[in-house]
Amino acid sequence: MRLFRQLRGALLGAVVLVALMLGTVGPASAHDTAESTSPADGATLTAPPERVSVTFDHNPLALGSQILVADATGANWADGPVEIVDNVAAQKLRPGAPAGRYTVRWRVASSDGHPIEGSFTFTATAAAKGTTAAAAVPTLGTAQPGITPTPTPVSTSTVSPPFPWSVMGFVVVGVGILVALGLMAKRRLTPDADTNTDTNNNTDS
């Protein structure tokens, strides 16, 4: 009976250990989320903006960041590298962008190091006027109504974080512990059974 109590205690301890490991890994495996974009997804502007941006709930890493701004023909109008300031990743556009529908595809490294990506669209009713700032997207606190709508939340379907393999690893370790404890208990029971058999034989004789 003492062996069964020890085995039960060991199994309960293993279950608690696995639960604690999963609880610790859970928050760490959550990746950054895109909260809004500028221009807003599906917005209609009077002209292409000077830059586009994505705002996240945490500060992304600059390593491997990329933002492509493609017009209806597939031409990329992004100019220079992605600029990341705090939790905002921005991309400048080349002057002279034409009117039409644009698709912005972004990819950054989450603050936990995992890559995340997404996309949004906007439409310009007229072409950009060279290097003038008339079509610039207003920054925070700039009163320029009509140029771009207020940023709206990005659909979570555009974000595709990688599968949390670390969680699966902890689950496999926990199952391995349980199997090892079961084998140890079986080995301990076998000598007891042999001892009982010898005792019964001696008693009969």
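In strand E6, glutamine 91 is the bridge partner of valine 52. The strands concerned, E3 and E6, pair in the antiparallel sense over five bridges; two strands count as paired if DSSP finds at least two bridges between them. Helices (H or I, at least four residues) and strands (E, at least two) are DSSP runs, numbered from the N terminus. The structure is a predicted model, in which local features need pLDDT of at least 70 and side-chain atom pairs count only at pLDDT 80 or more, while totals for chains, interfaces and linings use all residues. Residues are numbered from 1 along each chain as its sequence is written, and side-chain values use heavy atoms, with hydrogens and water left out.

E3 and E6 belong to an open sheet of four strands, ordered E1-E3-E6-E5, with antiparallel pairing. Its edge strands are E1 (34-38) and E5 (83-85), each of which pairs on one side only. Neighbouring strands of this sheet are turned by 20° against each other on average, direction ignored; axes are lines fitted to C-alpha atoms, for helices over the stretch in contact, and angles run from 0 to 180 degrees between N-to-C directions. At one edge, E1 and E3 pair in the antiparallel sense over four bridges, and serine 36 has threonine 55 in E3 as its bridge partner. At the other edge, E5 and E6 (residues 88-92) are antiparallel over three bridges, with isoleucine 84 opposite alanine 89 in E6. Five of the six residues of E3 are buried, so this strand is largely enclosed by the rest of the structure. Here buried means under 20% relative accessible area, exposed over 50%, and partly exposed in between (1.4 Å probe, protein chains only).

A further open sheet of four strands follows the order E2-E8-E7-E4, with mixed pairing. E2 and E4 stand at its edges with a single partner strand each, so one side of each is left without a neighbour in the sheet. The twist averages 25° from one strand to the next. E2 and E8 pair in the parallel sense over three bridges, and leucine 45 has alanine 124 in E8 as its bridge partner.

The largest nonpolar core has 23 residues, and those with the most contacts inside it are Val52, Phe56, Ile67, Val69, Trp106 and Phe122. Such a core is a set of buried Ala, Val, Leu, Ile, Met, Phe, Trp, Tyr and Cys residues joined through side-chain atoms within 4.5 Å. The elements that give two or more residues to this core are E2 (43-45), E3 (51-56), E4 (61-70), E7 and E8. Leaving aside its neighbours within four places in sequence, valine 69 is in contact (heavy atoms within 4.5 Å) with residues including Val52, Trp77, Leu93, Tyr102 and Phe122.

Salt bridges, defined by a side-chain nitrogen of Lys or Arg within 4 Å of a carboxyl oxygen of Asp or Glu, number two. One joins the side chains of arginine 107 and glutamate 117 at 3.0 Å, N to O. Arginine 107 lies in E7 (residues 100-109) and glutamate 117 in E8 (residues 115-124), so the pair ties together parts that are 10 residues apart in sequence. Arginine 107 is partly exposed at 35% relative accessible area, as is glutamate 117 at 32%. Lysine 92 and glutamate 83 also meet in a salt bridge, at 3.8 Å, N to O. Lysine 92 is partly exposed, with a relative accessible area of 45%, and glutamate 83 counts as partly exposed at 35%.
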